[in-house]
Amino acid sequence: MSLKKIEQVKADKGFKLSDLFVYAAIVTLVVVLFIVIFATRDDSPLKGIRIYVKNEIVYEYDFGDGQRMLNGNYTEVISNDEKTVVLKINTGGNDYNIVQIDKEGSVKVTEANCGKNDCVYTPELKNSGGVIYCSPHRMKIVPFDYALDDGNIII
Amino acid sequence: MKKLFLAFAVIFSFAAIFAGCVEKEDNKPEYEIYTNMSEGSYELLLDNYKVAGAVASETTVPDSGGAAENPSAYKSMGRTFYYIMTADATIVVSEDFTDENAAEAKCEEFIGSVKDKLEEVNASLSIGVEHSAVSLFNAADAGEVIEIDETAYEVFTLAEQMYKFTDGYYNPAVYYSVEAYGFNTNGGVPESAAQLPADGTIEKFKQLSSHFGDILIYEDEGKYYVKKPAATVEIDGTVYSMKIDLGGIGKGYTVDLVNAMLDESGFKYGYFDFGSSSIVCKTHFKMGAYELGFKNPRGSYFGEQFLKTKIKNECVSTSADDVKYYEIDGVRYCHVIDPMTGKPVNKGIMSATVIGGTAAEGDALTTALMAMGKDNALKFIETKLTDRRVVFTYDNN
């Protein structure tokens with residue numbers, strides 16, 4: 001490399017105005033994509049959840065205030081320690097779902113004897129954007145702020 | 001030298017990742033979509049689904065107008081009713097809650113009236129209710145005349161119309177086949193080929209169901225009657241007369257009733273979903289049109305969708321082979337029976353959806369499309385369903 005070229009390369013180091021435009025464009029793109037992806041969905045943190053069996057609320061967990069047992073016939077607390085609450089929801093006969101509530105703010109179904117196990121495969125609830133539904137047992141876990149009609153219909 | 005090595009390492013790892021992706025793609029089975037929806041009126045959500053055939057039609061996708069002027073004042077109320085014709089039904093309505101007490105009372109009253117209507121329809125059509133019109137028909141002797149209620153009369157009439165309209169591909173008299181393959185019973189499904197019903201048995205059940213068109217439905221002095229066909233079949237010394245299940249079309253019929261109730265009570269916003277097989281979508285208070293997602297019949301997780309479109313003030317019905325099914329020796333046996341064979345449908349159509357028209361028609365049409373097979377279904381859509389949006393998925397393998 002000739003001395004002149006080395007001088008040239010050295011002179012080119014650092015930011016040029018045109019470089020800044022490129023960086024700004026990339027940053028803008030990232031921000032826009034981020035907003036598009038995240039602003040359109042309801043990801044407000046989970047304030048609490050209600051567990052329904054048929055249409056009855058049988059249990060409520062408020063991540064601020066803790067649990068409220070609303071119908072003991074359906075709900076059995078298996079364990080309740082610093083980090084988690086584990087519940088057995090008895091939905092009739094020998095039917096049950098095991099629900100695990102993480103006190104940091106999430107809930108999932110870890111086990112069920114409904115055969116289909118859609119509820120176990122449903123990702124854990126971390127925000128108010130979804131529900132966990134066990135259709136054979138008519139058991140539903142619904143976030144406090146869940147929009148009953150968010151305009152999405154699945155068939 | 002070091003740099004060159006590094007460059008090669010980077011190129012190789014990219015190549016490996018790329019190859020990995022390509023291989024993964026190849027392993028994913030490819031499914032085809034056939035639709036008469038115009039390009040641009042729907043969105044494809046999965047890359048292993050390809051639109052293979054577009055059928056010309058004049059259907060349009062609804063615009064997003066009609067939302068409430070003050071959506072922030074709106075609240076939704078809803079309720080699910082269980083075990084209605086062996087399915088669950090959900091009503092959701094949205095109202096302006098500025099006057100909270102009045103709005104709540106209005107919604108509550110409406111939801112109550114939906115409950116009453118569902119109970120009424122269930123009492124008339126459910127095969128699980130001992131004295132329902134359908135149960136009385138099933139228990140009657142061949143050739144016998146049975147008095148039925150008005151609801152049953154209407155649904156019997158609709159079923160007969162749809163049987164004719166679909167050239168027999170919709171046939172509610174495949175009852176014995178449904179049972180023989182282990183559906184609608186408490187006995188469980190077959191677990192091996194030996195437990196499947198014999199071909200001879202299925203052939204006889206098929207013959208019996210082919211007499212569905214012989215049912216006589218009539219009104220006399222304000223009362224309603226059906227005459228059961230005289231045809232019977234004998235299998236191993238037992239004589240069978242026709243049995244029917246109007247659960248499918250009955251759900252659609254109920255959706256149409258609730259749709260009319262929503263209009264009469266002045267509810268513009270909300271929906272009514274019966275067993276996820278028929279739904280009426282009114283307008284969404286915030287978005288105008290609803291986003292309608294189509295469930296992937298080969299979904300890797302619950303609720304995965306392969307396509308979406310918009311729907312407003314319309315009914316939608318769907319049938320799919322993944323609702324109730326089992327597999328034996330790699331063959332899928334689902335609860336939708338092909339009336340032409342008496343066996344579960346196996347012509348490659350995995351799901352069929354119809355948007356538009358009445359839900360009762362939609363329910364019968366989607367079942368019929370599943371049984372038709374690809375070529376007949378395409379012809380049928382092109383000639384008879386030009387005013388509805390239709391989508392079906394097809395497994396080429």
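## Chain A: layout and spread

Chain A carries 3 helices and 10 strands (helices being DSSP runs of H or I with at least four residues, strands E runs of at least two, both numbered from the N terminus). Going along the sequence, the order is α-α-β-β-β-β-β-β-β-α-β-β-β. The radius of gyration of chain A is 25 Å, well over the 15 Å from the globule rule for 155 residues, so the chain is more spread out than a compact globule. (That radius is taken over C-alpha atoms, and the rule is 2.2 Å times the number of residues to the power 0.38.) The C-alpha trace of chain A spans about 85 × 40 × 30 Å along its principal axes.

This is a predicted model, where local features need pLDDT of at least 70 and side-chain atom pairs count only at pLDDT 80 or more, while totals for chains, interfaces and linings use all residues. Residues are numbered from 1 along each chain as its sequence is written, and chains are lettered from A and ligands numbered from 1 in the order in which they are written.

The domain assignment splits chain A into domain 1 (3-39) and domain 2 (48-143), with bounds that come from an automatic or database assignment. The centres of domain 1 and domain 2 of chain A, taken over C-alpha atoms, sit 49 Å apart. Of the 155 residues of chain A, 21% count as buried (buried means 20 or more other C-beta atoms within 10 Å of a residue's own, exposed means 12 or fewer, and partly exposed is in between, with C-beta atoms placed from the backbone). Take the contacts in chain A with a separation of 6 or more: 33% of them involve residues 24 or more positions apart. (A contact needs C-beta atoms, placed from the backbone, within 7 Å.)

## Chain B: layout and core

Chain B has 9 helices and 21 strands. Its C-alpha trace spans about 95 × 65 × 40 Å along the principal axes, and 41% of its 397 residues count as buried. For contacts in chain B between residues at least 6 apart in sequence, 65% join residues at least 24 apart.

The largest nonpolar core has 102 residues, and those touching the most other members are B:V155, B:I249, B:I279, B:V280, B:I349, B:L369 and B:F392. (Such a core is a set of buried Ala, Val, Leu, Ile, Met, Phe, Trp, Tyr and Cys residues joined through C-beta atoms within 7 Å.) Helix α8 (residues 359-372) of chain B gives the most to this core, with 9 residues. Domain 1 (5-64 + 289-394) and domain 2 (133-244) of chain B both contribute residues, so the core lies between them. Apart from it there's another core, of 22 residues, including A:Y59, A:Y96, A:A112 and A:C134.

Back in the largest core, the neighbours of B:V280 include B:V255, B:V258, B:Y271, B:F272 and B:A359, leaving aside residues up to four places away in sequence.

## Where the chains meet

On the chain B side, 29 residues are in contact with 13 residues of chain A. Several strands of chain B each supply at least two residues to that side, among them β4 (74-84), β5 (87-96), β11 (269-274) and β13 (290-295). β13(B) gives the most, with 6 residues. By type, the side of chain B that touches chain A divides into 13 nonpolar, 12 polar and 4 charged residues. (Ala, Val, Leu, Ile, Met, Phe, Trp, Tyr, Cys and Pro count as nonpolar, Asp, Glu, Lys and Arg as charged, and the others, Gly among them, as polar.)

There's strand pairing across the chains too: strand β10 (residues 152-154) of chain A runs parallel to β13(B) over 3 bridges (pairing takes at least two DSSP bridges between two strands). A:N152 has B:E291 as its bridge partner in β13(B).

B:S94, in strand β5 of chain B, is buried, with 26 other C-beta atoms within 10 Å. It touches A:D149 as well as B:Y74, B:K75, B:S76, B:Y269, B:G270 and B:F285, not counting residues up to four places away in sequence.

## A hairpin and an exposed aspartate

Strands β9 (residues 232-235) and β10 (residues 238-241) of chain B pair in the antiparallel sense over 4 bridges, with B:V239 in β10(B) as the bridge partner of B:E234. The two strands form a hairpin with 2 residues between them, and B:D236 in the turn has a positive phi of about 50°.

B:D263 sits in helix α7 (residues 247-264) of chain B. B:D263 is exposed, with 12 other C-beta atoms within 10 Å. From B:D263 to B:H131 is 132 residues in sequence and 31 Å in space, C-alpha to C-alpha.

Technical notes: Contact = placed C-beta atoms within 7 Å.
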